[in-house]
Amino acid sequence: MSDPTIQSPSGPGKDVIGDWRVSLAEIDAMGRKAARGAGFSWGMAEEAGRAARWLAAYRLPGPEALVAVLNEVDATVPEHAPRIDGNVWCCNAEALCPIASGAALSDRAEAIVQGGSSRLGPVIWPVLVVPFLCRAARDLDCAMTLSGGDFLIHATREGPVARDWWAVTVPLSRELLVTPTTETPGELRRPGSDAHVLPVALWRRLDHFAQRTYAPATEASRRAGAGAGLIDRD
């Protein structure tokens, strides 16, 4: 297995296997480009990168969850966007995208805190909804609960609270209920170091999506690059 503390700015070489150590800033940047490559708008791609970074900071599977979501929604992002009928959320595909759902929940957080609720389902990797609600909880000075089956987590202004952290890493929640709360039993998780270790193969998968955002080189751009600083002006 390779040393996860050794890396280059351009990412792991083809001969690198095992784990790879990346900074939170790198997760944000790669997540944004990968989400854009999978079909998200740039605005939503930025939300995806931030969500992955936020989860990684709290030692939760941010980039791991994001790459799984991108594999699922690739080129069909609009089909996974929420359709809202009262407090019931669904979509045209089999499961809701947590990035689009999280952003929409942020916009409706104040109504939820005032006594409302939202019922979503199914949701792909629902842990990706948590950063959005924790941000809303901080802004509104409140707490909200996300629950569905074994998945149970509280979004508070201080951060996420749960009794079973393993249970919040489920790849799919058949139903997710978002409600206001004043009680948040469990362990408050605080952010850790500015680094995250993940499998090299996962990072390469994110880069696979990110590569789609790069414009292919043209003959003109290649000539311009090769000739920079070498133009004879005499």
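Me: Which residue stands opposite Ala155 in strand 8?

Reply: In this predicted model, Ala155 faces Pro160 of strand 8.

Me: What makes strand 7 and strand 8 a pair?

Reply: Two strands count as paired when at least two bridges are found between them. Strand 7 (residues 151–156) and strand 8 (residues 160–162) are joined over two bridges, in the antiparallel sense. The requirement of at least two bridges is therefore met.

Me: Which helix packs on the sheet and touches strand 7?

Reply: That element is helix 6 (residues 130–140), which touches strand 7 and strand 8 and also strand 6 (143–148) and strand 10 (176–180). The direction of helix 6 makes about 30° with that of strand 7.

Me: In what order do the eight strands of the open sheet run?

Reply: The order is 2-3-4-10-6-7-8-11, and the pairing is mixed.

Me: Why is one side of strand 2 and of strand 11 left without a neighbour in the sheet?

Reply: Strand 2 (83–85) and strand 11 (187–188) stand at the edges, and each has a single partner strand, so one side of each has no neighbour in the sheet.

Me: Why is Asp28 called buried?

Reply: The relative accessible area of Asp28 is 14%. Buried means under 20%, so Asp28 meets the definition. Asp28 belongs to helix 1 (residues 24–38). With neighbours within four places in sequence left aside, Asp28 is in contact with Gly49, Arg50 and Arg53.

Me: How do you know that the charged end of Arg189 is within the distance limit for sitting over the ring of Trp165?

Reply: The charged end of Arg189 is 4.3 Å from the centre of the Trp165 ring. The limit is within 6 Å, so the distance condition is satisfied. The charged end of Arg189 is indeed listed as sitting over that ring.

Me: Which residues touch the most other members of the largest nonpolar core?

Reply: They are Phe40, Leu70 and Leu146, in a core of 68 residues. Helix 2 (residues 42–57) supplies the largest share of this core, seven residues.

Me: What does Phe40 touch, not counting residues up to four places away in sequence?

Reply: Phe40 touches Ala35, Ala45, Leu70, Val73, Val77, Cys97 and Ile99.

Me: What is the secondary structure of the protein as a whole?

Reply: The protein has eight helices and twelve strands. Of its 234 residues, 44% count as buried. Among contacts between residues at least 6 apart in sequence, 70% join residues at least 24 apart.

Methods:
Residues are numbered from 1 along each chain as its sequence is written. This is a predicted model: local features need pLDDT of at least 70, side-chain atom pairs count only at pLDDT 80 or more; totals for chains, interfaces and linings use all residues. Side-chain values use heavy atoms; hydrogens and water are left out. A charge sits over a ring if NZ of Lys or CZ of Arg is within 6 Å of the ring centre and within 35 degrees of the ring normal. A nonpolar core is a set of buried Ala, Val, Leu, Ile, Met, Phe, Trp, Tyr and Cys residues joined through side-chain atoms within 4.5 Å. Buried means under 20% relative accessible area, exposed over 50%, partly exposed in between (1.4 Å probe, protein chains only). Helices (H or I, at least four residues) and strands (E, at least two) are DSSP runs, numbered from the N terminus. Contact means heavy atoms within 4.5 Å. Axes are lines fitted to C-alpha atoms, for helices over the stretch in contact, and angles run from 0 to 180 degrees between N-to-C directions.
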